[in-house]
Amino acid sequence: MSICAAYNGLALHSPKAESFRGLISSNFINRIQVRPAPYSPSLHLSGPFKFGKERCHLISASATPTVECSKTSFRSKNPEDITVLVVGSTGYIGNFVVKELVERGFNVIAIARERSGIRGRNDKDKTSEMLNGANVCFSDVTQLDVLEKSLAERVVSVDVVVSCLASRNGGVKDSWKIDYEATKNSLVAGRKSGASHFVLLSAICVQKPLLEFQRAKLKFEAELMKEAEQDAGFTYSIVRPTAFFKSLGGQVDLVKDGKPYVMFGDGKLCACKPISEPDLASFIADCVLSENKINQVLPIGGPGKALTPLEQGQILFRLLGKEPKFLKVPIEIMDFAIGVLDFLVKIFPSLEDAAEFGKIGRYYAAESMLVWDPETGEYSAEKTPSYGKDTLEEFFDKVLREGMAGQELGEQTIF
């Protein structure tokens with residue numbers, strides 16, 4: 001899931017902390033011109049961010065593409081004549097994206113692991129069934145040579161790469177392995193197969209990079225932009241969504257069972273414009289052909305006003321016909337826990353991820369998933385674009401009737 005919009009689903013799971021589980025999950029899932037010339041890779045690893053070599057392995061590409069790519073614009077073709085390569089296809093958002101692209105008539109190649117899903121529970125047959133309509137290619141995005149070989153064996157030219165890759169848990173090493181390295185692999189392999197456009201599912205929270213996965217995402221974003229600057233035949237669209245619906249559903253069952261809605265501080269610290277998974281998939285699919293989305297960073301939220309945790313809780317109580325009952329937790333509790341973990345990690349390096357998870361929890365308890373306005377130094381609901389038709393209230397109503405089946409957080413679980 002990416003964390004944020006694609007990490008927007010991390011949650012606390014502990015039988016001793018039911019209330020906190022719902023609260024943290026609520027804030028977690030809380031993501032041109034073309035010219036005739038042979039491809040010459042211009043991917044550079046320079047940029048405004050500096051990282052240790054152990055977390056940033058350099059990746060290079062062959063100077064000659066496997067597939068000679070025609071530089072006539074693919075945007076003039078019919079969808080069935082456009083090949084879209086989707087990586088991260090079995091992830092929560094990736095699955096919706098594949099479905100949307102197939103429904104629009106694109107020729108979709110979906111890259112998947114041989115064992116996909118939560119803890120690898122899906123075999124090849126199950127994965128192929130889930131990605132029905134797409135040409136499923138079983139490969140490994142974490143190994144560039146394996147990915148390149150898989151695509152070369154298909155002897156097909158790729159027009160567009162759509163990346164929905166995201167770290168499974170937001171840990172330090174996993175963030176760099178997936179959010180940077182694997183995503184970079186998909187760009188290098190895609191370009192080698194002829195791709196001239198790259199759609200990246202990033203996350204709106206990278207605006208204030210305090211976490212490792214955010215830094216990894218930003219490093220790749222910078223290199224993607226650099227590639228387009230140096231090759232006029234290549235374009236990109238960077239999608240930064242706000243919170244997903246499922247990230248805000250963690251407390252539905254708790255409130256339904258009579259427990260209070262838990263929030264940090266006064267419940268107004270972290271607002272968002274939640275967007276449904278189908279609406280986000282539709283927006284990402286728009287980026288494949290829309291010329292007004294070329295070479296842009298595209299923050300996106302769902303329809304309606306921005307909602308604070310307090311307002312989200314009020315919606316739930318209204319739907320249930322219950323008197324609102326809130327439990328306000330001082331955010332300083334998380335600050336204390338983070339301080340302890342930061343101290344312990346100096347003694348026990350193996351606790352590095354635990355310390356990072358604490359910081360992730362603190363971030364989503366305090367930071368809004370809205371566009372950051374540098375002029376005012378505040379988050380702006382007005383400057384956060386809206387898209388789609390699905391509302392959080394409709395989602396809550398459905399979950400109250402049908403439950404959270406299919407909305408499991410799975411590997412995006414912290415504890």
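At what angle do helix α9 and helix α12 pack, and how far apart are their axes? Keep this question in mind as you open the structure, which is a predicted model, and begin by selecting residues 309-320 for helix α9 and residues 392-402 for helix α12. The two helices pack at an angle of about 50 degrees, with their axes 10 Å apart. That angle makes α9 oblique to α12, and the crossing of the two is right-handed.

Now show the side chains where these helices touch. On the α9 side, select Gln312, Ile315, Leu316, Arg318, Leu319 and Leu320, and on the α12 side select Leu392, Glu393, Phe396, Asp397 and Leu400, which they meet. If you colour the residues of this contact by class, you should find seven nonpolar, one polar and three charged.

**The sheet**

Next, hide the helices and look at the strands. Seven of them form an open sheet with parallel pairing, and if you follow the sheet across you pass through the order β3-β2-β1-β4-β5-β6-β8. Strands of a sheet pair through backbone hydrogen bonds. Select 135-138 for β3 and 296-300 for β8 to find the edges: each of these strands has a single partner strand, so one side of each is left without a neighbour in the sheet. As you move from one strand to the next, the twist averages 20 degrees.

Stay at the β3 edge and add strand β2, residues 107-112, which runs parallel to β3 and is joined to it by four bridges. To see one pair of bridge partners, select Ala110 together with Val136 of β3.

Bring back two of the helices that pack on this sheet. Helix α6, residues 212-230, touches β5 (197-201), β6 (235-241) and β8, and its direction makes about 155 degrees with that of β6. Helix α8, residues 277-289, also packs on the sheet, touching β1 (83-87), β4 (160-163), β5, β6 and β8, while its direction makes about 160 degrees with that of β5.

**Three single residues**

Which residues does Thr83 contact, once its neighbours within four places in sequence are left aside? Select Thr83, which is found in strand β1, and then add Asn107, Ile109, Val156, Ser157, Val158, Asp159 and Val160, with which Thr83 is in contact. Thr83 has a relative accessible area of 6%, and therefore counts as buried.

Move on to Cys272, in the loop between β7 (261-264) and α8. Cys272 is buried, with a relative accessible area of 1%. If you add Thr242, 30 residues apart from Cys272 along the chain, you will find the C-alpha atoms of the two separated by 6.4 Å.

Then follow the chain to the loop between α8 and β8, where Asn295 is found. Asn295 is not a glycine, although its phi is positive, at about 50 degrees. At 31% relative accessibility, Asn295 counts as partly exposed.

**A last pair of helices**

Finish with helix α4, residues 144-154, and helix α5, residues 172-192, whose axes come within 9 Å and cross at roughly 30 degrees. The crossing of α4 and α5 is right-handed. Their contact is made by Leu144, Leu147, Glu148 and Leu151 of α4 together with Asn185, Ser186, Val188, Ala189 and Lys192 of α5. Coloured by class, the contact of α4 with α5 shows five nonpolar, two polar and two charged residues.

Conventions:
Residues are numbered from 1 along each chain as its sequence is written. This is a predicted model: local features need pLDDT of at least 70, side-chain atom pairs count only at pLDDT 80 or more; totals for chains, interfaces and linings use all residues. Side-chain values use heavy atoms; hydrogens and water are left out. Axes are lines fitted to C-alpha atoms, for helices over the stretch in contact, and angles run from 0 to 180 degrees between N-to-C directions. Angles under 35 degrees count as roughly parallel, over 145 as roughly antiparallel, 65 to 115 as roughly perpendicular and the rest as oblique. A crossing is left-handed if the near helix is turned anticlockwise from the far one by less than a right angle, and right-handed if clockwise. Contact means heavy atoms within 4.5 Å. Ala, Val, Leu, Ile, Met, Phe, Trp, Tyr, Cys and Pro count as nonpolar, Asp, Glu, Lys and Arg as charged, and the others, Gly among them, as polar. Two strands pair if DSSP finds at least two bridges between them. Buried means under 20% relative accessible area, exposed over 50%, partly exposed in between (1.4 Å probe, protein chains only).
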